[in-house]
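Follow one strand and one helix through this chain. Start with the definition that the strand pairing rests on.

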Amino acid sequence: MEQLAQDDIAAVERLTKAYGVIRAEMGKAIVGQEEVLEQLLTCIFARGHAILEGVPGLAKTLMVSSLAQCLDLKFARIQFTPDLMPSDITGTEVIQEDKATGSREFRFLPGPIFNNIILADEINRTPPKTQAAMMEAMQERQVTTGGVRRAMADPFFVLATQNPIEQEGTYPLPEAQQDRFMFKIFVKYPSWNEEFDIVRITTAVQQVQLAKVLDGPTILQLQEIIRRVPAADHVIQYAMRLVRATRVLEPDGVPEIVREYVSWGAGPRACQYLILGAKVRAVLHGRFHVSCEDIQAVAKPTLRHRIVTNFNADAEGLTSDKIVEKLIELVPAQASTIAANPATAGAVQ
């Protein structure tokens, strides 16, 4: 198994320390939501994108803008509406006159997509044509305007929010487009003590100054180092077994819970993101290697939007998260302990 070089180890240690500082700085503006913050940072350092789902008023926008301050990155918020056009995101060309010569020429005015961190607010409220423009920027890290390809700023991270309520008149992202997001992150209601602190702090005079912990070039360097963090073969194979267990049509057999409650499972991209997410989590927690526990920790945000449940699951209130929990129980970390017929295991109790 490959080992990290001494320079890489030093950089990993700096990232681990920086993570602690970022959490402390974010705590000045955001109460709680530490798990959400870790998952956001995991996506950034893995060069992925994320869907953030939560009801209004949970400080999703404030969290992302505060994170951009700590990382010293340019931030833009795009409010997605039914009348939003692709050019409102990517930019447009205008005719500009040269006052000295009187000649006219086209000039490109870049849109908000040309920033480092993009908050695509309520992405499911805009038509598919505009969603497609955002997807090109996410996947290709470029946009095409006027027949010219223009590269995104680097680092580049898209955080798309969805409101789980008021779905009338929305354009839900198809499963194929959701698969382009590394994580789907749930923002939950705060606890009693957290909500008390939120109300107390936000209804008083406050001036929050967040320190810049990292910068763009450092983040790019760390993104490269993350990919050099070693993952043992048995860890990669464990991630593959988890993903393959979600596929109803898998020829080797799948757990009964999947046969009964899943219409469609996760593809190979899920395996890639499981490993990348586990690598980042290991580094954030001060380790130089990936464990099966890291895979389990990132399994829900990686798989929840890649597992399509059927009518039986909806009728019984069985969510994709519950299916992932059951698969973590059923799929062994070591291949030698797999049951002879895994399809017979895993009935819902």
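Two strands count as paired if DSSP finds at least two bridges between them. Keep that cut-off in mind for strand β5. The model is predicted.

By that criterion, β5 pairs with strand β8, residues 157-162: 4 bridges join them, and the two run parallel. One of the contacts to look for is I117, whose bridge partner in β8 is F157. Strand β2, residues 75-79, is also joined to β5, here by 5 bridges. These two strands run parallel as well. Look across from L119 in β5 and you find R77.

Now turn to burial. How many of the residues of β5 are buried? The strand spans residues 117-121, and 5 of its 5 residues are buried. Both faces are covered. On one side sit I117, L119 and D121. On the other sit I118 and A120.

Next comes helix α5, residues 128-140. Its 13 residues should span 18 Å at 1.5 Å a residue, and its end C-alpha atoms are 18 Å apart, so the expected and modelled spans agree. Buried in this helix are T130, Q131, A133, M134, M135, A137 and M138. An α-helix has 3.6 residues a turn, so residues three or four places apart point the same way.

What do the buried residues of α5 pack against? Their partners include β5, along with its neighbours in the pairing above, β2 and β8. The helices α4 (86-90) and α6 (175-178) are packed against too, as is strand β6 (142-145). After α5 comes R141, with a positive phi near 55°.

Key
Residues numbered from 1 in each chain as written. Predicted model: local features only at pLDDT ≥ 70, side-chain atom pairs only at ≥ 80, totals over all residues. Heavy atoms only, no water. Buried < 20%, exposed > 50% of the residue type's maximum accessible area, 1.4 Å probe, protein only. Expected span 1.5 Å × (residues − 1). Contact = heavy atoms within 4.5 Å.
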